[in-house]
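Trainee: I'm new to this one. Can you walk me through it?
Mentor: Sure, let's look at it together.

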Amino acid sequence: MDTEVNDIKYIQEYKLTVYSLYAAESVGLETKDIIEYLKRLKAVERPQNTKTRVTRGSADEVVRSSQARVAAVTSGSKAITTGPSNDAVITGTGSDAPPLVSTADIPEDISNFNAKIDKDDEYLSKEIISFEIDQNHLEPLQKSCIALEYPLLAEYDFIKDTQNPDIPIDLKPNAILRPYQERALGKMFGNGRARSGLIVLPCGAGKSLVGVTAESTVRKKALVLCNSSVSVEQWKAQFKMWSTATDNIICRFTSDLKEKPMNASILITTYPMIMYGQKRTHEVEQTMKLNDSKSFKCLKNNPAVNTIFVCKIADTSFDLPDANVLIEISTHSGSRRQEAQRLGRILRAKKGAIAEDYYAIFYTLVSRDTTEMGYSRRRQRFLVNQGYSYKVVTHLSGMEEGDLHFETKEEQIHLLQQVLTASDREGQEETPLVVLMMLFILK
Ligand SMILES: Nc1ncnc2c1ncn2[C@@H]1O[C@H](COP(=O)(O)OP(=O)(O)OP(=O)(O)O)[C@@H](O)[C@H]1O
């Protein structure tokens, strides 16, 4: 976030980039929080008679349907005016605007510095000005702000948006948010408007419910963009599970399901559908059918079935809340993303289980003396960095005694070759689903 740029004994100066400040602001961090983090990150103890200060200007862009307003904090911010060519330009407000920390002159002594800080603090008793801007000038304005390193933070004042009608959606009473889900949404709706940003939660933490709640709060038309057709199905299911949204306001728009997108209130689609209109792969198609099929639903809820073999398409969005053991048979090289996503399949909260009594185990099979070993080390490092412990088992006792199906060395090598060849073909469109990538064992 910051770099120490000055190591004079009594003054530590940090340069905060405008983007780190933007990110901090968008998650609701305030100046005092930034100072607190700087204190934690500092390399040396700060002498008692020094102060930490962070100055900056800020401007928020508030979008109300077709109207756009800019709210600017006057202290340290710059005046936003419209130039002769009607391009938005930003100019300094005058001599009082305090400079950024990185460009501040280093004072002669610490008392001058404190006096200067106090002066700046007075300046911070700020007044917020806001004014409407012409929609056509929004883009040049945004560009100017970025060029001046004062990026606008987009917010949507949905409560005051009377131009876009509300859609009939509310949360169902069964949707009880977990505390971290509430916190994530608090960051988004903290000031009564919908702030643009990114909500990042681990796999299986319940991002869909966060999304459904956000939509049930804003209650305006929404576009849900997914990375696969399987996710589209899952999102629709989550909307139905947690909200009162009915089938006639939800539209799935995939290469097979083109459900009148034009008038949909909630349009759920994939990037390729809006970018290139690509056809889904054979593999995705098969998995969607499987996910949707009655037999899979029975399988999911049948206590007699405790093992499911799945291919790599189950890496994401495959919801098997009860699965608690995963055996990874084949992987996509050293992909850490894939590892995290697969782990996500077994880390979903278990109904009625006490967290402390609960175990989820992830096995990964690695063939000794093959390139798989290098990849698996990379993946292991990632898991360790995430705080998981792991153990390498090189020998399973009793293995030699059993009546193994692939008993001889030749048979084992042949099997290995088959698996590796299948992995190479994995990316190709017509790879049959018989290539089994993962195994879930349901509790
Ligand atoms: N507050 C909640 N109360 C009860 N169940 C919840 C809650 N939030 C999420 N769940 C359940 O947890 C499971 C995982 O949720 P979801 O699929 O939204 O996770 P995710 O974060 O999108 O995971 P992934 O990144 O792996 O797709 C689902 O079965 C969902 O119904």
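Mentor: Start with Asp 166, which is partly exposed, with a relative accessible area of 48%. Keep in mind that this is a predicted model.

Trainee: Which side chain meets Asp 166 in a salt bridge?
Mentor: Lys 220 does, at 2.6 Å, N to O. The two are 54 residues apart. Asp 166 sits in the loop between β8 and α5, and Lys 220 in the loop between α6 (207-218) and β10.

Trainee: And is Lys 220 buried or exposed?
Mentor: Buried, with a relative accessible area of 5%.

Trainee: What network is Asp 166 linked in?
Mentor: A network of salt bridges with Asp 170, Arg 219 and Lys 220. Within it, Asp 170 and Arg 219 meet at 3.6 Å, N to O. Asp 170 is in the loop between β8 and α5 and Arg 219 in the loop between α6 and β10, so this pair ties together parts 49 residues apart in sequence.

Trainee: How many salt bridges does the count come to?
Mentor: 13. Among them is Arg 193 with Glu 155, at 2.7 Å, N to O. Arg 193 is in the loop between α5 (179-189) and β9 (194-195), while Glu 155 is in strand β8. Glu 155 is buried, at 1% relative accessible area.

Trainee: New topic. Which residues form the nonpolar patch on the surface?
Mentor: Leu 223, Leu 225, Tyr 271 and Ile 274, with about 360 Å² of accessible area together. β10 (222-226) and α8 (271-275) each give two or more residues to the patch.

Trainee: Why does Leu 225 count as partly exposed?
Mentor: Because its relative accessibility is 31%, and partly exposed runs between the 20% and 50% cut-offs.

Note on methods: Residues numbered from 1 in each chain as written. Predicted model: local features only at pLDDT ≥ 70, side-chain atom pairs only at ≥ 80, totals over all residues. Heavy atoms only, no water. Patch = residues over 30% accessible without salt bridge, like charges linked within 9 Å, V, L, I, M, F, W, Y side chains within 5 Å. Areas by Shrake-Rupley, 256 points an atom, 1.4 Å probe, with all protein chains shown as cover. Salt bridge = Lys/Arg side-chain N within 4 Å of Asp/Glu carboxyl O. Helix = DSSP H or I, 4+ residues; strand = E, 2+ residues; numbered from the N terminus. Buried < 20%, exposed > 50% of the residue type's maximum accessible area, 1.4 Å probe, protein only.
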